[in-house]
Amino acid sequence: MTWCSWILPTVRRPVLSQGSDDMGLMEQNRRQAFLEKGLRRVAIAVVTGFVGVCAYPVSSHAQSIRIEATTNAIDWNAVALAGGHVFVSGPRWTGFSGPAVGLLMKNGKIEPFPDADWNGWKPGRDATHRFVSVNALHVAPDGTLWVVDTGTPSFGGPPVPRGAKLVRIDPATGHVLRIYPLGPEIAQAGSYIDDIRFNGRHAYLTDAGKAALIVLDVETGHARRVLDNDVSTRARTDRPIVMDGHVVEKGLHQPLLVNVDPLEVSPDGKWLYFGPLEGPWSQVPTVLLDDPDVSSTDLSAAVKPWADLPPIGGSAMDAAGNLYFTNLKDNGVYRRDVSGKITKLISDSRLHWADAPCLAPNGRLWLPVAQLDRLPMFHQGHSRSHQPFLLVSIDLR
């Protein structure tokens with residue numbers, strides 16, 4: 001599941017004052033009640049440009065955006081809520097000076113987490129115990145914070161030696177519990193290790209650069225690449241990313257293509273849902289992913305279509321199996337319920353390339369607004385981003 005699960009707050013540091021009422025644990029019955037509570041809807045037509053003309057009902061519940069924090073130091077694309085704290089991160093290639101992983105403080109400043117040395121990598125320095133370029137944060141079912149380090153300091157560049165890794169941290173103390181190296185056989189030249197989800201003793205990751213899933217045995221630390229360059233993990237050229245009315249390009253007349261990127265595990269742990277950033281999504285039984293003896297041919301044959309979603313910034317799935325995702329084309333946040341019905345919750349220009357959402361147990365969906373398509377590398381060296389960058393939340397109840 002993609003809950004931003006919180007553990008009991010044995011706090012050694014202050015937390016962000018804005019929205020601090022969100023930092024307590026909620027009772028399980030109340031959590032389930034609001035997640036299952038239906039949202040009243042009225043129908044409108046939205047042209048996605050990728051899945052045809054779909055009727056996306058708009059919730060009649062008045063959604064409002066609450067700004068949780070702002071910064072000029074990090075182009076954050078990840079947020080995690082754990083141990084009574086709020087953590088953020090942003091990749092190095094965006095060019096900002098802030099820490100790779102940061103803890104939001106009471107005064108709104110961002111403190112390097114777990115310490116300055118972990119955030120002090122520079123070219124030529126050993127990357128084993130330092131973050132090179134972080135792309136994702138996620139809270140495991142046991143409440144520990146996991147950091148996904150792509151190991152690639154430049155966009156589309158190769159991982160540096162010992163740079164690609166997963167780092168498991170106690171969020172309350174900052175103690176690094178374990179480092180999972182992703183060697184060159186896993187994080188290959190051209191790889192971009194993107195995101196992570198958990199299922200029992202296994203974790204699943206996406207490689208948005210080289211188009212593959214990665215299966216990690218959390219206990220042994222052994223990792224495998226699966227569905228390598230499979231049709232289900234490759235971006236399709238007929239589904240461009242359109243924002244502000246224009247196709248996002250990595251170079252002149254070169255549309256940006258992002259291979260397998262978002263992923264979610266079904267609440268019962270039986271299915272992994274995944275797809276390229278541009279969609280569509282597929283599903284595969286986790287029992288086959290977890291078995292190293294299953295052949296690549298048999299695994300590929302077991303992949304089936306799941307949802308024809310448009311290009312998204314990120315996703316989160318609740319305990320009932322509802323998928324929340326950010327639609328890049330209209331700066332929107334949508335909900336896909338277990339029946340496949342899609343509801344538009346909100347659309348707001350301030351949510352431009354809202355990235356990986358994080359579900360808080362009290363019913364708020366946290367969203368780091370990255371504006372990645374407005375970075376200079378996508379506009380011949382000229383930035384179009386609107387600063388400060390926003391960290392926001394919306395109430396799903």
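Two rings of Phe, Tyr or Trp count as a pair when their centres lie within 6.5 Å, with the six-membered ring used for Trp. Planes under 30 degrees apart are stacked, and planes over 60 are edge-to-face. Keep that in mind. What you see above is a predicted model.

So, aromatics. The structure holds 10 aromatic pairs. Take Phe96 and Phe389. Their ring centres are 5.2 Å apart and the planes meet at 80°, so this pair is edge-to-face. It links distant parts of the chain, 293 residues apart. Phe96 sits in the loop between β7 and β8, and Phe389 is in strand β32. Phe96 is partly exposed, at 24% relative accessible area. Phe389 is buried, at 0%.

Next pair: Phe325 and Tyr334. Here the centres are 5.5 Å apart and the planes are at 10°, so the rings are stacked. Phe325 is buried at 0% relative accessibility. Tyr334 is buried too, with a relative accessible area of 0%.

There is also a cluster. Ring pairs link Trp93, Phe155 and Phe378. And one charge over a ring: the charged end of Arg336 sits over Trp306, 4.3 Å from the ring centre.

On to strands. Start with the hairpin of β26 and β27. The strands run antiparallel, and 4 bridges join them. β26 covers residues 312–317, and 6 of its 6 residues are buried. Ile312 has Asn327 of β27 as its bridge partner. Between the strands lie 5 residues, and in this hairpin Gly321 takes a positive phi near 95°.

Now the open sheet. It has 4 strands, in the order β14-β15-β16-β17, with antiparallel pairing. β14 and β17 are the edge strands, each pairing on one side only. From one strand to the next, the twist averages 25°. Inside the sheet, 6 bridges join β15, residues 202–207, to β16, residues 212–217. One of the partnerships to look at: Ala203 pairs with Leu216 in β16.

Charges next. Side chains of opposite charge can pair when their charged atoms come close. The structure holds 18 salt bridges. Arg130 forms one with Asp117, with the closest N and O atoms 3.5 Å apart. Both residues lie in the loop between β9 and β10, so the salt bridge ties together parts 13 residues apart in sequence. Arg130 is buried, at 14% relative accessibility. Asp117 is partly exposed, at 41%.

Then Arg168 and Asp142. Their side chains meet in a salt bridge at 2.9 Å, N to O. Arg168 is in strand β12, Asp142 is in the loop between β10 and β11, and 26 residues separate them. Asp142 is partly exposed, with a relative accessible area of 44%.

A third one: Asp348 with Arg350, closest N and O atoms 3.0 Å apart. Asp348 is buried at 18% relative accessibility. Arg350 is partly exposed at 37%. As for networks, salt bridges that share partners join Asp117, Arg125 and Arg130 into one.

Last stop, a lysine. Where is Lys165 placed? In strand β12, residues 165–169. Is Lys165 buried or exposed? Buried: its relative accessible area is 1%, and the cut-off for buried is under 20%. What lies by the polar end of this side chain? The backbone oxygen of Ala127 is 2.9 Å from a polar atom of the Lys165 side chain. The backbone oxygen of Arg130 is 2.7 Å from a polar atom of that side chain. And Arg130 is the partner of Asp117 in the salt bridge we just covered.

Key:
Residues numbered from 1 in each chain as written. Predicted model: local features only at pLDDT ≥ 70, side-chain atom pairs only at ≥ 80, totals over all residues. Heavy atoms only, no water. Helix = DSSP H or I, 4+ residues; strand = E, 2+ residues; numbered from the N terminus. Buried < 20%, exposed > 50% of the residue type's maximum accessible area, 1.4 Å probe, protein only. Polar contact = N/O pair within 3.5 Å; in protein donor to acceptor, adjacent residues only side chain to side chain. Pairing = 2+ DSSP bridges. Axes fitted to C-alpha atoms, helices over the stretch in contact; angles between N-to-C directions. Lys NZ or Arg CZ within 6 Å of the ring centre and 35° of its normal. Salt bridge = Lys/Arg side-chain N within 4 Å of Asp/Glu carboxyl O.
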